[in-house]
Amino acid sequence: MSEVMTDQETPALPSRNTKVMNRFDLTRRVVAKLKREEAVIGGIGNTNFDLWAAGQRPQNFYMLGSMGLAVPIALGVALAQPGRRTVALEGDGSLLMQLGCLTTVAMLNPANLTIIVMDNGIYQITGGQPTPASTCSDIVAIARGAGISQSNWAADEEDFEQLVDKALAADKPTLIAVRIDQEPAITTTDRDPSRIRDRFMQGIRA
Ligand SMILES: Cc1ncc(C[n+]2csc(CCOP(=O)(O)OP(=O)(O)O)c2C)c(N)n1
């Protein structure tokens, strides 16, 4: 007969076993690996601020204003240009606001799309309110449940680098989640949407 588990006996979420890392450091590690004009879509706020600070590439797109759109935009780019690897950088709060995109990614199954989720457990930009990922929701479990089978927490920086290498050579969409500290972003981006769009369109030769 199976025993009922109390909350205290429930195994810790896998994410709780991972090292707390730094968003800018991880962003720099990703950018350093990009040698083939890969597209990178930074989400609203900190993910795109640190992407900007990591070095401005014409293939970077910096999302302004709306939470949760890094993955849908990256999905569009990945589908339109299957020969180009595409990376979405998104915060945990933003992804949780737009979870349906994970099911669409799983169903359309683009081999060239990688999602990196920077989980600080808070909506940092708006004052540090806790997100559900800080207590009860496991982003990797959600992504796997959505059908993105190659979804993993990065245990530490070395593991993160290996997961990124694998993702950039994968034959199906991948998601890498990282726990990060609450350091503020290094800088802010140019807030000129037309310029961001035009530079990106040229950068990916669209
Ligand atoms: C649709 C929508 N709702 C709310 C906001 C206000 N807002 C902007 S950024 C943000 C928090 C983003 O949190 P997260 O994605 O976890 O990134 P972090 O700030 O922690 O880096 C909020 C609530 C918004 N811009 N768009």
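Which segment holds R205? R205 is found in the segment after α8, the helix that covers residues 193-203. We will return to this residue later; keep in mind throughout that the model you are looking at is predicted.

A good place to start the tour is the ligand. The ligand sits in the largest pocket, and 16 residues surround it there. If you would like to find the closest of them, look for N46, G93, S94, I122 and Q124. Sorted by character, the residues of this shell comprise 6 that are nonpolar, 8 that are polar and 2 that are charged.

Which elements of the fold supply at least two residues of the shell each? They are the helix α4, which spans residues 92-97, and the strand β5, made of residues 122-123. The helix α4 gives the most to the shell, with 4 residues.

Now zoom in on the atoms of the ligand itself. One of its nitrogen atoms is 2.9 Å from a polar backbone atom of G65. On the oxygen side, an oxygen atom of the ligand is 2.9 Å from a polar backbone atom of Q124, a residue that is also listed among the closest in the shell. The backbone of I125 takes part as well: a backbone N or O atom of this residue lies 2.9 Å from an oxygen atom of the ligand. Taken alone, the ligand exposes 590 Å², and the protein buries 75% of that area.

From the ligand, let us follow one of its neighbours. G93, one of the closest residues to the ligand, lies in helix α4. Is G93 buried or exposed? G93 counts as buried because its relative accessibility is 5%, and the cut-off for buried is under 20%. For a sense of distance, pick out E158 too: G93 and E158 are 65 residues apart in sequence, and their C-alpha atoms are 25 Å apart in space.

Two strands offer further stops. The first stop is D119, which lies in strand β4, residues 113-119. With a relative accessible area of 5%, D119 is buried. Its C-alpha atom is separated by 9.3 Å from that of T131, a residue 12 positions away along the chain.

The other stop is S151, in strand β7, which runs over residues 150-153. S151 has a relative accessibility of 0%, so it counts as buried. What lies 2.6 Å from a polar atom of the side chain of S151? It is the backbone oxygen of I148.

The last part of the tour concerns backbone angles. Most residues other than glycine have a negative phi. With that in mind, look at E37, whose phi is near 55°, a positive value in a residue other than glycine. E37 has its place in the loop between α1 (23-32) and β1 (39-42). Its relative accessible area is 33%, so E37 is partly exposed.

This brings us back to R205. The phi of R205 is near 55°, again a positive value in a residue other than glycine. How does R205 stand in terms of cover, and what is its relative accessible area? R205 is exposed, because its relative accessible area is 63% and the cut-off for exposed is over 50%. With R205 in the segment after α8, the tour ends where it began.

Definitions and conventions. Residues are numbered from 1 along each chain as its sequence is written. This is a predicted model: local features need pLDDT of at least 70, side-chain atom pairs count only at pLDDT 80 or more; totals for chains, interfaces and linings use all residues. Side-chain values use heavy atoms; hydrogens and water are left out. A residue is near a molecule or strand if one of its heavy atoms lies within 4 Å of it. A polar contact is a pair of N or O atoms within 3.5 Å; within protein, one must be able to donate a hydrogen and the other to accept it, and residues adjacent in sequence count only if both atoms are side-chain atoms. Accessible areas come from the Shrake-Rupley method with a 1.4 Å probe; for residues, only the protein chains shown count as cover. On a 1 Å grid over the protein atoms alone, a cavity is a set of points where a 1.4 Å probe fits but cannot get out, and a pocket is an open set with protein on both sides within 12 Å along at least five of seven lines; lining residues have an atom within 4 Å of a point. A molecule sits in a cavity or pocket if more than half of its atoms lie within 2 Å of its grid points. Ala, Val, Leu, Ile, Met, Phe, Trp, Tyr, Cys and Pro count as nonpolar, Asp, Glu, Lys and Arg as charged, and the others, Gly among them, as polar. Buried means under 20% relative accessible area, exposed over 50%, partly exposed in between (1.4 Å probe, protein chains only).
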